[in-house]
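Please walk me through the charged side-chain pairs of this model, saying at each stop what to select and what is found there.

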Amino acid sequence: MIRVCPLAELPPGEVLRLDLEPAVAIFHTEDGELFAVDDNCTHQFASLADGWLEGCEVECPLHAARFDLRTGEPDGPPATQPIRTHQVSVTDGDIYLVVSSEPPAAQPGAPLRTGP
Ligand code: FES
């Protein structure tokens with residue numbers, strides 16, 4: 001579990017990018033919900049932290065695919081693969097992140113995974 005920052009430092013409507021490997025974006029929606037996803041559009045690498053947050057969705061800044069932050073699923077082309085989601089919580093006023101143990105989505109041009 002990673003302590004990210006005080007919740008007060010990430011106001012509603014804002015996003016925080018963490019330089020992990022791969023990078024993670026934590027979104028604080030206008031409704032006060034927190035979501036954490038890989039900061040890497042599954043279409044062509046764009047940073048979703050640079051996109052537009054609307055409700056529980058983020059729109060990619062490059063080609064406008066929209067991802068549901070609750071599930072990571074895209075709403076349609078050009079993205080076809082979901083982004084990886086992570087657990088995020090608040091304890092005693094601080095945001096905590098648990099990075100998913102699932103492998104990140106393959107990126108365009110990356111070799112396909114063929115085994116464990
Ligand atoms: S890079 Fe995100 S939709 Fe193309």
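**A tour of the salt bridges**

Seven salt bridges are present in the structure, which is a predicted model. Side chains of opposite charge can pair when their charged atoms come close.

Begin by selecting Arg-17 together with Asp-19, which form a salt bridge whose closest N and O atoms are 2.5 Å apart. With the surface displayed, Asp-19 is exposed, at a relative accessible area of 66%, whereas Arg-17 is partly exposed, its relative accessible area being 42%.

Keep Arg-17 selected and add Asp-39, since the side chains of these two residues also meet in a salt bridge, with 2.5 Å from N to O. Arg-17 belongs to strand β2 (residues 15–18), while Asp-39 sits in the loop between β4 (34–38) and β5 (52–54), so this pair ties together parts that are 22 residues apart in sequence. Asp-39 has a relative accessibility of 3% and therefore counts as buried, the cut-off for that class being under 20%.

Next, select Arg-66 and Glu-57, whose side chains meet in a salt bridge at 2.9 Å, N to O. Arg-66 is buried, with a relative accessible area of 18%, and Glu-57, at 23% relative accessibility, counts as partly exposed.

To finish, bring Arg-17, Asp-19 and Asp-39 back into view as a single selection, because salt bridges that share partners join these three residues into one network.

How values were computed
Residues numbered from 1 in each chain as written. Predicted model: local features only at pLDDT ≥ 70, side-chain atom pairs only at ≥ 80, totals over all residues. Heavy atoms only, no water. Salt bridge = Lys/Arg side-chain N within 4 Å of Asp/Glu carboxyl O. Buried < 20%, exposed > 50% of the residue type's maximum accessible area, 1.4 Å probe, protein only. Helix = DSSP H or I, 4+ residues; strand = E, 2+ residues; numbered from the N terminus.
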